[in-house]
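Trainee: I would like to go through the reasoning behind the labels here. Can we take them one at a time?

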Amino acid sequence: QVQLVESGGGLVQAGGSLRLSCAASGRTFSNYHVGWFRQAPGKEREFAAAISRSGGITDYEDFVKGRFTVSRDNAKNTAYLQMNSLKPEDTAVYYCAAKRDNRFSRLSRDYDTWGQGTQVTVSS
């Protein structure tokens, strides 16, 4: 199984930017789709973005509104989520997740492996 570790979170003011990283180890990273999810206190985990195994296909939830970009570098075993124009409602723990089968999904329950999460806090 692949193991995932997120990093890059922090405290930023509204309108600022962060780039989250998802470092993978243990298995061949290119065999997995990668999804990015977030969870705010008291709320359900929600889909943000996903990228296919080779990086050729991406998918974004509507709340991103063109602000986030997902990418990956399989040679470095790392996926990224570039977040621009951050809003206070983006405050959440952000997780990357891996999905081995060939279905592309926005559903958290379809993902097999999860990182520990990284906190993103956006102040107003």
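Trainee: Which residues does Tyr80 touch, not counting residues up to four places away in sequence?

Mentor: This is a predicted model, to start with. In it, Tyr80 touches Arg19, Leu20, Ser21 and Trp36. Thr69, Val70, Ser71, Arg72 and Asp73 are also on its contact list.

Trainee: What makes those residues contacts of Tyr80?

Mentor: The cut-off is heavy atoms within 4.5 Å. The residues on the list for Tyr80 are in contact by that rule.

Trainee: Why is Tyr80 called buried?

Mentor: Its relative accessible area is 13%. Buried means under 20%. Tyr80 therefore counts as buried. The residue lies in strand S8.

Trainee: How far is Tyr80 from Asp112, in sequence and in space?

Mentor: They are 32 residues apart in sequence. C-alpha to C-alpha, the separation is 18 Å.

Trainee: Why is Ser21 called buried or exposed?

Mentor: Its relative accessible area is 17%. The limit for buried is under 20%, so Ser21 is buried. Ser21 sits in strand S3, residues 18-25. Its contacts include Val5, Glu6, Ser7, Trp36 and Tyr80.

Trainee: Which strands form the open sheet, and in what order?

Mentor: Four strands, in the order S1-S3-S8-S7, with antiparallel pairing. The twist averages 15° from one strand to the next.

Trainee: What makes S1 and S7 edge strands?

Mentor: Strand S1 (3-7) and strand S7 (68-73) each have a single partner strand. One side of each is therefore left without a neighbour in the sheet.

Trainee: How do you know that S7 and S8 pair?

Mentor: Count the bridges. Pairing needs at least two. Six bridges join S7 to S8 (residues 78-83), so the two strands pair, and they run antiparallel. Phe68 stands opposite Met83 in S8.

Trainee: Why is strand S5 described as largely enclosed?

Mentor: Five of the six residues of S5 (residues 46-51) are buried, so the rest of the structure largely encloses the strand.

Trainee: How do you know that S5 pairs with S4 and with S6?

Mentor: Apply the at-least-two rule again. Five bridges join S4 (residues 33-39) to S5. S5 and S6 (residues 58-60) have three. Both pairings are antiparallel. Ile51 stands opposite Val34, and in S6 its bridge partner is Thr58.

Trainee: Which glycines take a positive phi in these hairpins?

Mentor: In the hairpin of S4 and S5, Gly42 has a positive phi near 75°. In the turn between S5 and S6, Gly55 has one of about 90°. Each hairpin has six residues between its strands.

How values were computed: Residues numbered from 1 in each chain as written. Predicted model: local features only at pLDDT ≥ 70, side-chain atom pairs only at ≥ 80, totals over all residues. Heavy atoms only, no water. Buried < 20%, exposed > 50% of the residue type's maximum accessible area, 1.4 Å probe, protein only. Axes fitted to C-alpha atoms, helices over the stretch in contact; angles between N-to-C directions.
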